[in-house]
Amino acid sequence: MSTPTGNDGERFTGHGSEWRDSNLSAADAAQATSWVEAKIDKRSMLTNKDRVHDIRDVMWQLEKEGEIKVHRIEDQHAPRIAKTLYGWDKKIPTRQLWHHKSCGQCGNIPGYPTALLWMMNEMDIPYLDETDQTSCTAWNYHGSGIGNVVSLAAVFLRNFHQAYVSAKAEGLPEGYYYPLVHCGTSFGNYKEIREYLLLSATLREKVTEILGKLDRLVDGKLLIPEEIVHYSEWVHAMRKDIAARQVFDVSNVRATIHPACHVYKMIPQDVIYDDEVLDGNRVAVSTGIVQDLGAQVIDYSTWYDCCGFGFRHIISEREFTRSFAIDRKIKVAVDEAHSDVMIGHDTGCITTLDKNQWIAKADERNAGRDYSLPVIADIQFAALACGAHPYKIVQSHWHASPMERLFEKMGIDWQARKAEFEDYLKLVEKGQQDNLYDPRRRITGGPGYIPPEKRTAIEAQP
């Protein structure tokens, strides 16, 4: 597909220097953008619209015809059933999980994945946190436009194949672990790509050729996951169990929710809606766990808005991202909802909303008002409520917005915990550290892997 050109022959890509001031009046601008404030809750999404197909029907038929193999969620994964937009069942595995990590979380918000691993440790949830995975390549696709569907599909299935075979290194059967996706972008991207794969024989043929060369087929077939599961869906399915471990009263906390576009706007028929959460009218993840922990979930007028990240314009029009994040989300949450914390479930959203609040100081309209607002993931908030260390585990010091006021509202003595953390850092400097996860189990995909019990024996030899 060629790039469109303007009347003067100039190539038009829709970002960067091509942005022009429309010079619309305030009334015309409001009319032109009024659609972004339209409610897109469950009822409005179902009104006067045809029922969309369930892509899983196609998946089961292709497996029946012998063209693909499905990685099933089985009883060993202790699945719980959630309801999606149209009332369809979605299986959420709760045990024996293979963590599909997020590049943005590990690089920018490390307390995000550590809070999840800590919670699973506390709940005695078996999992595998190995290193043999790659990025989902969505950054390449959305951010630069140089990716393509074939590459996205090949990487998607390569990662999920690794999850399927990973347990073999531990002497366990294939399919023992089931992938749990940390990143909302990967989650949305993988769901779209799975649909393309199941509907396009041509795409399946191209990807089969690539994965065959990588030895990433199962009996010569593409391996397709029965469900693509986001970590926030695991949190939602386990929310009652998590709340039962709560040690801090959060009933005084006013929380606003930011739902990620890649989580609930991409393949929306797959998204969880729960009658116990906001009458089943909005996506249930994040809101459900915050409600069950007893915090006050406060609505605000721009709940439906994007965070402003948007991928490509975070690169080429970063000031637009910053202005959108502060004007459409943070200021509204502070002014309207008097929010103590904004809760999200996606890497890019939390990074954008947390790291760009300083831009409010550059806007003379704010007259020096402080618009700093803690922005954290649902699992970070849950971990804090359940007693996780605010620095060692939740790693609040990585966040740009101050969190001390939130800690005080939750009853957390942050000064004492900070002192503990500073003492811990001194031990780390001396080479003394502890881990949430046995580092010897992280490398399982290659020939150099040594099972933990054998490695221990080798290290004990003189």
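Me: Buried means under 20% relative accessible area and exposed over 50%, with partly exposed in between (1.4 Å probe, protein chains only). Is Met 119 buried or exposed?

Reply: This is a predicted model, in which local features need pLDDT of at least 70, side-chain atom pairs count only at pLDDT 80 or more, and totals for chains, interfaces and linings use all residues. Residues are numbered from 1 along each chain as its sequence is written, and side-chain values use heavy atoms, without hydrogens and water. Met 119 lies in helix H5 (residues 111-122). Its relative accessibility is 0%, so Met 119 counts as buried.

Me: Which residues is Met 119 in contact with, leaving aside neighbours within four places in sequence?

Reply: Contact here means heavy atoms within 4.5 Å. One partner lies well along the chain: Ile 242 is 123 residues from Met 119, yet their C-alpha atoms are separated by 8.1 Å. With the sequence neighbours set aside, the contacts of Met 119 are Trp 234, Ile 242, Ile 379, Ala 382, Ala 383 and Cys 386.

Me: What is the C-alpha separation of Met 410 and Ser 251?

Reply: Met 410 is placed in helix H18 and is buried, at a relative accessible area of 2%. Not counting residues up to four places away in sequence, Met 410 touches Phe 248, Asp 249, Val 250, Val 253, Phe 381, Leu 384 and Ala 385. Ser 251 is 159 residues from Met 410 along the chain, and the distance between their C-alpha atoms is 8.3 Å.

Me: What share of the contacts in the protein chain with a separation of 6 or more comes from residues 24 or more positions apart?

Reply: The protein chain holds 20 helices and 11 strands (DSSP runs numbered from the N terminus: H or I of at least four residues, E of at least two). Of its 462 residues, 52% are buried. Among contacts with a separation of 6 or more, the share from residues 24 or more positions apart is 77%.

Me: How far apart are the end C-alpha atoms of helix H19?

Reply: Helix H19 covers residues 414-429, which is 16 residues. The expected span is 1.5 Å times one less than the number of residues, and for H19 that comes to 22 Å. The model agrees, since the end C-alpha atoms of H19 are apart by 22 Å.

Me: Which helix do the buried residues of H19 pack against?

Reply: The buried residues of H19 are Trp 414, Phe 421 and Tyr 424. Seen down the axis they fall within an arc of 75° (taken from the directions from the helix axis to the C-beta atoms), so they line one face of H19. The face turned away from that buried side carries the exposed residues Gln 415, Lys 426 and Glu 429. The buried residues of H19 pack against helix H18 (404-410).

Me: Which residue just after H9 takes a positive phi?

Reply: Helix H9 (residues 201-213) reaches 19 Å from its first C-alpha to its last, close to the 18 Å expected for 13 residues. Its buried residues are Leu 203, Arg 204, Val 207 and Leu 211, and they fall within an arc of 95°, so they line one face of the helix. The face of H9 turned away from its buried side carries the exposed residues Glu 205, Glu 209 and Lys 213. Just after H9, a positive phi of about 55° is taken by Asp 215.

Me: Which element gives the most to the lining of the largest cavity?

Reply: A cavity is a set of points on a 1 Å grid over the protein atoms alone where a 1.4 Å probe fits but cannot get out, and lining residues have an atom within 4 Å of a point. The largest cavity is lined by 13 residues, and those nearest its centre are Asp 54, Ile 55, Arg 194, Gln 269 and Asp 270. Helix H3 (55-64), strand E3 (89-92) and helix H8 (184-199) each supply at least two residues of that lining. With three residues, the element that gives the most is H8.

Me: What is the volume of the second largest cavity?

Reply: The structure holds two cavities of 30 Å³ or more, and the largest has about 110 Å³ of space (the space filled by probe spheres set on points joined across faces, edges and corners). The second largest cavity is lined by Phe 187, His 230, Ser 232, Glu 233, Val 263, Val 271, Ile 272, Val 283 and Val 285. The volume of this second largest cavity is about 40 Å³.

Note on methods
1 Å grid on protein atoms, 1.4 Å probe; cavity = no way out; pocket = protein on both sides within 12 Å on 5 of 7 lines; lining within 4 Å.
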